[in-house]
Amino acid sequence: MGVDGSEHSLLALEWALGTARSLDAPLTVAHVRAEALQLGSARISSLGPAPELPDTVVDALAAEVGPRAEGLDVRYASLDGSVVDALAEAAEGARLLVVGSRGRGGFASLLLGSNSRALAAAAPCPVVVVPHEARAASLEGGTAAGRVLLGLETDETADEVVEFAFEAAQRRGVPLEVVTAYPVPPSPALLIGAPAPALQVPPPLPDETPELVASTTRRQEERLRPFAERHPGVEVVPAVTPADPAGRLVEDSREAGLVVVGRHRRHRIETLLMGSVAHAVLHHAHCPVAVVPPASRR
């Protein structure tokens, strides 16, 4: 992990240590020499022995990890190049890449740094971004603090994303809240080209909401059924919300331990690659956010 002394890097380190312990996995703390002071990050992987580092760097990293790593297989790696390129390349074959929301660089008002955003959009494995506003309870309580939230598009979200959320909830022993949006019929008053009288006094809308909620709930249940059968110990809390589910996920993240969203299979533009929901949640969630790529990207 590139420890720069910022709150963000320390929160990411704390989360990575707890997750490595719950997964019984080795923790590789990566130090990117060229841009080490711009992003705090930690990676859970199965890398072999790390390159030898200067004693001063090793001492600083070891001091940060300290007794909290007792019983863990902690390794150190020194990487060259930009933070994004070096960590993305090193993350090949990793189970998880954990990064802080931002380091010392950039504007203090930014909630999400460019390196964190780029890694969430491009890394070959699931990426967890630990925000600097993460609730202390989420970290003090370990990985079991707070329920897991899953943003589910029934026709778009990849199986790997849903499985990741179920496994996280099962490992933590917490409920899994699944948020799915249903479409809201547009008002005739907003239709382009509507005649002036209609704009002044729009006709009443048919009451379609109950039907939309019922059909969305049914599709959500069908989509989750095979995963629920594989993880019978996970309590599933279904939730449907009108239009964009990002606001619901952000609000519920105040009392959550982890939000799980998927990365889209298509689109090359970074924000579209993650999807609008993932992009919004990364910027505003109050707990760590996992962005999971589909199998074709891993």
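Trainee: Is Glu 235 buried, exposed or partly exposed, and what decides that?

Mentor: Relative accessibility decides. Exposed means over 50%, buried means under 20%, and partly exposed lies in between. Glu 235 has 49% relative accessibility, so Glu 235 counts as partly exposed. Keep in mind that this is a predicted model.

Trainee: Where does Glu 235 sit along the chain?

Mentor: In a loop. That loop runs between α8 (209-230) and β8.

Trainee: Which residues does Glu 235 touch, leaving out those up to four places away in sequence?

Mentor: Pro 175 and Leu 176. Distance can be read another way, from C-alpha to C-alpha. Glu 235 and Arg 147 are 10.0 Å apart in space by that reading, with their positions 88 residues apart in sequence.

Trainee: Let's follow the chain into β8. What is the state of Thr 241, buried or exposed?

Mentor: Buried. The cut-off for buried is under 20%. Thr 241 has 10% relative accessibility, so Thr 241 counts as buried. Its strand, β8, spans residues 236-242.

Trainee: What is Thr 241 in contact with, beyond its neighbours within four places in sequence?

Mentor: Val 179, Thr 180, Ala 181, Tyr 182 and Arg 248.

Trainee: Now Val 148. Which strand holds Val 148?

Mentor: β6, residues 147-151. Look at the cover as well. Val 148 has a relative accessible area of 0%, so Val 148 is buried.

Trainee: Which residues surround Val 148, again setting aside neighbours within four places in sequence?

Mentor: Its contacts include Ala 165, Ala 168, Ala 169 and Arg 172. Val 174, Pro 175, Leu 176 and Glu 177 are also among them. Leu 258 and Val 260 complete the list. Take the pair with Ala 169. The two are 21 residues apart in sequence, yet their C-alpha atoms are 5.8 Å apart in space. Notice Pro 175 and Leu 176 as well: Glu 235 touches both.

Trainee: How do I read burial along a helix?

Mentor: List the buried residues, then see where they point. In α11 (residues 276-284), Val 277, Ala 278, Val 281 and Leu 282 are buried. They cover an arc of only 130° around the axis, so they lie on the same side of α11.

Trainee: How many residues of α3 are buried?

Mentor: Six of its eight, so read this helix as mostly covered. α3 takes in residues 83-90. Its buried residues are Val 83, Val 84, Ala 86, Leu 87, Ala 88 and Ala 90.

Trainee: What about pockets? How much space lies in the second largest pocket?

Mentor: About 270 Å³. Read the lining next. It has 16 residues, and Leu 23, Arg 95, Phe 164, Glu 167 and Arg 171 lie nearest the centre.

Trainee: Which helix gives the largest share of that lining?

Mentor: α6, with seven residues. α1 (7-23) and α6 (159-172) each supply at least two residues.

Trainee: How does the lining divide by residue type?

Mentor: Into eight nonpolar, one polar and seven charged.

Trainee: Finally, the whole protein. How many helices and strands are there?

Mentor: Eleven helices and ten strands. The protein has 298 residues, and 49% of them count as buried. It exposes about 14000 Å², with carbon and sulfur atoms supplying 54% of that area.

Trainee: What share of contacts joins residues at least 24 apart in sequence?

Mentor: 80%, among contacts between residues at least 6 apart in sequence.

Conventions. Residues numbered from 1 in each chain as written. Predicted model: local features only at pLDDT ≥ 70, side-chain atom pairs only at ≥ 80, totals over all residues. Heavy atoms only, no water. Helix = DSSP H or I, 4+ residues; strand = E, 2+ residues; numbered from the N terminus. Buried < 20%, exposed > 50% of the residue type's maximum accessible area, 1.4 Å probe, protein only. Contact = heavy atoms within 4.5 Å. 1 Å grid on protein atoms, 1.4 Å probe; cavity = no way out; pocket = protein on both sides within 12 Å on 5 of 7 lines; lining within 4 Å. Points joined across faces, edges and corners; volume = space filled by probe spheres on them. Nonpolar A, V, L, I, M, F, W, Y, C, P; charged D, E, K, R; others polar. Areas by Shrake-Rupley, 256 points an atom, 1.4 Å probe, with all protein chains shown as cover. Arc of directions from axis to C-beta.
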